[in-house]
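Biologist: Pick the inside of this one and take me through it closely, please. I'd like to know what packs against what, and where the backbone does something odd.

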Amino acid sequence: MPAVKLYVGNKNYSSWSMRPWLALKAAGVDFEDEVIPFDFPAGNPAIKAISPTGTVPVLEHDGLRIGESLAIIEYAAELFPDKPVWPRDARDRALARSYCSEMATGFRALRNAAPMNLRYPPTKLAVDDDVKANISRIEQIWHGSIENSGGPFLFGAFSAVDAFFAPVVARFASYLLVDHPVTLAYMEAVQNHPAFTAWAADAAKETWIVPEDEL
Ligand SMILES: N[C@@H](CCC(=O)N[C@@H](CS)C(=O)NCC(=O)O)C(=O)O
């Protein structure tokens, strides 16, 4: 089997890179990664050289390059059907995919107001009603899923949908945006998952500063 390679952005800041990296790592997919930093005012030409979209993440396998995080996860799930990338139950899988799509296309107010910055010392951020509405919908998804599955993750075991929400967990933690015990317990489970701690440990070694993502 040709090697699987995942190009990612700065681990401290790149929320989109974090998602497939965690999903693949947590499922036990064997891959190598390479960080291409994006702290260049005009965009790093090294990203443009490997990325069809000019963004990271990009997955490379056997001459194929895929430049969208959800498509990367779907490709890995097809390439390694025995790995638990998605929940095993078809109904759970459908909901997990729908929440990933909702994440990929929505929650813009939260994403704009609260950039992922793993080294940010937890500090309360005042947020507007649009951000509060995003938080409320995310908690509705999390609480409903955990009530059904029994936790600790949205569909029991960690899967791609938890990876998709991991940057939100990081944002909630950095900016002290939530206090519901069910939300906090889920955040703790995600933050203690070995894939999350491995990513965060790599991020902690980085020294790049991206001013646009620093509040
Ligand atoms: N829809 C894309 C979004 C990817 C994206 O926006 N990546 C950001 C980093 S998190 C990026 O590469 N930005 C390029 C740059 O800042 O130069 C996906 O799901 O992968």
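Modeller: First, a bit of vocabulary: helices (H or I, at least four residues) and strands (E, at least two) are DSSP runs, numbered from the N terminus. You're looking at a predicted model, so local features need pLDDT of at least 70 and side-chain atom pairs count only at pLDDT 80 or more, while totals for chains, interfaces and linings use all residues. Residue numbers start from 1 along each chain as its sequence is written.

Let's begin with the domains, whose bounds come from an automatic or database domain assignment. For the protein chain, that assignment gives domain 1 (4–84) and domain 2 (90–198). Taken over C-alpha atoms, the centres of the two domains are 20 Å apart. Domain 1 puts 12 residues into the contact and domain 2 puts in 18; two residues are in contact if their C-beta atoms, placed from the backbone, lie within 7 Å. On the domain 1 side, α1 and α3 are the elements that give two or more residues. The largest share of that side, 7 residues, belongs to α1. By class, the domain 1 side has 8 nonpolar, 2 polar and 2 charged residues. Here Ala, Val, Leu, Ile, Met, Phe, Trp, Tyr, Cys and Pro count as nonpolar, Asp, Glu, Lys and Arg as charged, and the others, Gly among them, as polar.

Now for the core, which needs two more terms. A residue is buried if 20 or more other C-beta atoms lie within 10 Å of its own, exposed if 12 or fewer, and partly exposed in between, with C-beta atoms placed from the backbone. A nonpolar core is a set of buried Ala, Val, Leu, Ile, Met, Phe, Trp, Tyr and Cys residues joined through C-beta atoms within 7 Å. The largest such core has 63 residues, and those with the most contacts inside it are L22, A23, A160, V161 and A166. Helix α7 (residues 160–175) supplies the largest share of this core, 11 residues. Both domain 1 and domain 2 give residues to the core, so it lies between them. Take A160: leaving out residues up to four places away in sequence, it touches A23, I73, V85, W86, A96 and C100.

I73 takes us to helix α3 (residues 69–79), whose buried residues are S69, L70, I72, I73, A76 and A77. Looking down the axis of α3, these buried residues fall within an arc of 160 degrees, so they line one face of the helix; the arc is that of the directions from the helix axis to the C-beta atoms. A71 and E78, on the other side of α3, are exposed. The cover over the buried residues of α3 includes α1, β3 (58–61), β4 (64–66), α4 (90–105) and α7.

Which residues does I72 touch, not counting those up to four places away in sequence? They are P20, P57, L59 and I66. I72 is buried because 25 other C-beta atoms lie within 10 Å.

P57 brings us to the backbone oddities. The peptide bond joining V56 and P57 is cis, with omega about 10 degrees, and P57 is in the loop between α2 (45–50) and β3. Another cis peptide bond runs from G151 to P152, with omega near 5 degrees. P152 sits in the loop between α6 (129–149) and α7. A157 is also in the loop between α6 and α7, and counts as partly exposed because it has 14 C-beta neighbours inside 10 Å. A157 is 73 residues from P84 in sequence, with 8.9 Å between them in space, C-alpha to C-alpha.

Then there's phi. F107 is not a glycine, yet its phi is positive, about 55 degrees. F107 lies in the loop between α4 and α5 (108–113) and is buried, with 20 other C-beta atoms within 10 Å. L176, in the loop between α7 and α8 (181–192), has a positive phi too, near 50 degrees. L176 is exposed, with 11 other C-beta atoms within 10 Å.

Last stop, the ligand. It is surrounded by 15 residues, the closest being S14, W16, F38, T55 and S69; a residue is near a molecule or strand if its C-beta atom, placed from the backbone, lies within 6 Å of it. Helix α1 (residues 15–27) gives the largest share of this shell, 3 residues. The shell divides into 6 nonpolar, 8 polar and 1 charged residues.
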